[in-house]
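User: Please take a close look at a single part of this structure, the place where its strands pair, and explain it for a reader who has not met it before.

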Amino acid sequence: GEDSRSFHVSIQAPLSIVSVGETYSITAVAGGQLILECPEDAVPPPHIEWHQEGSPLQEDARRQVLAGGRFLQIR
C-alpha cells in the first residue's frame, strides 16, 4: 500500500533566505521516524517555534521538539 501526507513549512525570519520560492518534498516511510531541522546559524541565536495549521505545535508521543526548537521529530 501507499500513503501520502502533505505538510506546509513556513519560515518566518528577518534574514536573507536562500532558495526562496522553492518547494521541497519530503518522503518518509510509514511507521518510521522523520526529523526536520531548522538551521540556527544566526547571531544572536533565533527563537524557533514549530506550528501546525497556524497554531503552536503541541508535543505528544508522536511529535517532539528537540534542541531548543532546532529539530522536530515525528514518529
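**The paired strands and their side chains**

Analyst: Strand E4 and strand E5 (residues 71-74) run antiparallel and are joined by 4 bridges. Strands are DSSP runs of E covering at least two residues, as helices are runs of H or I covering at least four, and both are numbered from the N terminus. Two strands count as paired if DSSP finds at least two bridges between them. The model is predicted, with pLDDT of at least 70 needed for local features and 80 or more for side-chain atom pairs, while totals for chains, interfaces and linings use all residues. Residues are numbered from 1 along each chain as its sequence is written, and side-chain values use heavy atoms, leaving out hydrogens and water.

One bridge between these strands links Leu66 to its partner Phe71 in E5. The pair belongs to an open sheet of 3 strands, in the order E1-E5-E4, with antiparallel pairing. Strands E1 (34-37) and E4 (63-66) form the edges; each has a single partner strand, so one side of each lacks a neighbour in the sheet. The protein chain as a whole has 0 helices and 5 strands.

Within strand E5 lies Gln73. This residue is buried, at 7% relative accessible area, where buried means under 20%, exposed over 50%, and partly exposed in between (1.4 Å probe, protein chains only). Leaving aside residues up to four places away in sequence, Gln73 touches Gln33, Leu34, Ile35, Arg62, Arg63, Gln64 and Leu66; contact here means heavy atoms within 4.5 Å. The side chains of Gln73 and Gln33 also share a polar contact of 3.4 Å. Such a contact is a pair of N or O atoms within 3.5 Å; within protein, one must be able to donate a hydrogen and the other to accept it, and residues adjacent in sequence count only if both atoms are side-chain atoms.

Charged side chains come next. The whole structure contains 2 salt bridges, each a side-chain nitrogen of Lys or Arg within 4 Å of a carboxyl oxygen of Asp or Glu. In one, the side chains of Arg70 and Glu37 meet at 2.6 Å, N to O. Arg70 sits in the loop between E4 and E5 and Glu37 in strand E1, so this pair ties together parts 33 residues apart in sequence. Arg70 is partly exposed at 29% relative accessibility, and Glu37 is partly exposed at 42%. In the other, Asp60 and Arg63 meet at 2.9 Å, N to O. Asp60 is partly exposed at 35%, whereas Arg63 is buried at 18%.
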